[in-house]
Amino acid sequence: MALARALLAAVSSVARQSESKISIAQRGFASASIVNGVPVEVHNDSGSKRVVVTKSLPGDRWLQYLVNADCRVEVCKHPDIILSNATIKQLLGTKCDGVIGQLTEDWGAELFEALRQAGGKAYSNYAVGYNNVKVEEATKRGIPVGNTPGVLTETTAELAAALTLAAARRVVEADVFMRAGLYKGWLPTLFVGQLLQNKTVGIIGAGRIGASYARMMVEGHKMNLVYYDPYPNKQLEEYIRMYGELLRHRGEPPVAVRRVETVEEVLQEADVVSLHCNLDASTRHLINAKRLALMKKDAVLVNAARGPCIDEAALVAHLKANPDFRCGLDVFEDEPAMKAGLADCPNAVIVPHIASASMWTRSGMATLAAANVAGVLSGYPVWNKVDILPFVEKPMSSVPQAAPSIVNAKELGLKLVADA
């Protein structure tokens, strides 16, 4: 227990130091204030448009977008990690032009109505997903909703790969063992895990993140790929076939790729299964007790998608009944809480929703969220191209005059760049 407390203190210290370094550029011209009874950090105090940011964001490029759009930016400094609707409404007050919010917040009819009454014209989620947003409620009130696609792909895939390897090779269990001073010498049976080379990786959801993860595992470990997705990913299939031909020409066994018709086929065949699907009615509890029973006894299950895709109570029971089965989880069904017993399962690798937590990605997400709000408030059209990197990487003097990603642009009849 003392060791755990010491480790937690060290991690908390590093996190505080990291936040300080991240925020130093932002705070150069900021002032502390109390607005509507809520503590905030104010940037560009004289801006004509008021934009509320419900959490401190990494980097400073995002702030440049809003300042260039003549926005007064108020970053919430409330001590609660997850803000209640009451606190957010208090923060919005009677005048608010735009908001950058978090996926931990409930943006439905209540909050969008409060934003509309405050004169709000734009909302952007600091996430690519928006399960926390009732987009139809925003659309009813004429409020564009932004998200942050295109900068999470490799970062999320890397974390899924890290969870896969950590679980398969029992890295966390061994780390805890070492820190507890229990290592007395090498043993042939000490923390024996699974070798992934030449085995089969399965993915459920072959979009950008799933395909990136698949390539990492196939290329890095010469694994065969089996995947389920309602739509074939022909580009991924062709890439893996070409890689297989390269291996063949080098005298090595080629890898194979196959799309199957059911989730069950993936679960039965794969040594590693990684979830990369969206969360909707069809994928809630996609992995349940019945489907877990189909998996190999020493398989690895990875989830860096959405927590409710797994029936977490069923997973806990499966982990306890099958000690050679392992999982790696970045997300949880009742986040931030875990189901009872999960923390006690040594065959589970659990991390606190950090799949997007590279500096490039997290600051890129902030940039896109701010560019969405700034673009809408400036009357710019909506970007209608897949490549959003110009917003993240181009000099500010030459970034597109557009809102990068507005998910309800069509419903609101917003002008697109191609039509402008």
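Author: Two strands count as paired here if DSSP finds at least two bridges between them; strands (E, at least two residues) and helices (H or I, at least four) are DSSP runs numbered from the N terminus. This is a predicted model, in which local features need pLDDT of at least 70 and side-chain atom pairs count only at pLDDT 80 or more, while totals for chains, interfaces and linings use all residues. Residues are numbered from 1 along each chain as its sequence is written, and side-chain values use heavy atoms, without hydrogens and water.

Reader: Which residue in β11 stands opposite I203?

Author: Strand β8 (residues 200-204) pairs with strand β11 (residues 272-275) in the parallel sense, over four bridges. Opposite I203, in β11, is S274.

Reader: Which strands stand at the edges of the sheet?

Author: The open sheet has seven strands with parallel pairing, in the order β10-β9-β8-β11-β12-β13-β14. An edge strand has a single partner, so one side of it is left without a neighbour in the sheet. The edge strands are β10 (257-259) and β14 (348-350).

Reader: What angle does α12 make with β13?

Author: Helix α12 (residues 312-321) packs on this sheet, touching β12 (300-303), β13 (326-329) and β14. Contact means heavy atoms within 4.5 Å, and angles run from 0 to 180 degrees between N-to-C directions of axes fitted to C-alpha atoms, for helices over the stretch in contact. The direction of α12 makes with that of β13 an angle of about 145°.

Reader: Which residues of α4 meet α3?

Author: Helix α3 (residues 85-92) packs against α4 (residues 109-117) at about 10°, with the axes 10 Å apart. That makes the two roughly parallel (angles under 35 degrees). N85, I88, K89 and L92 in α3 meet, in α4, E110, L111, A114 and L115.

Terms used
Parallel < 35°, antiparallel > 145°, perpendicular 65-115°, else oblique.
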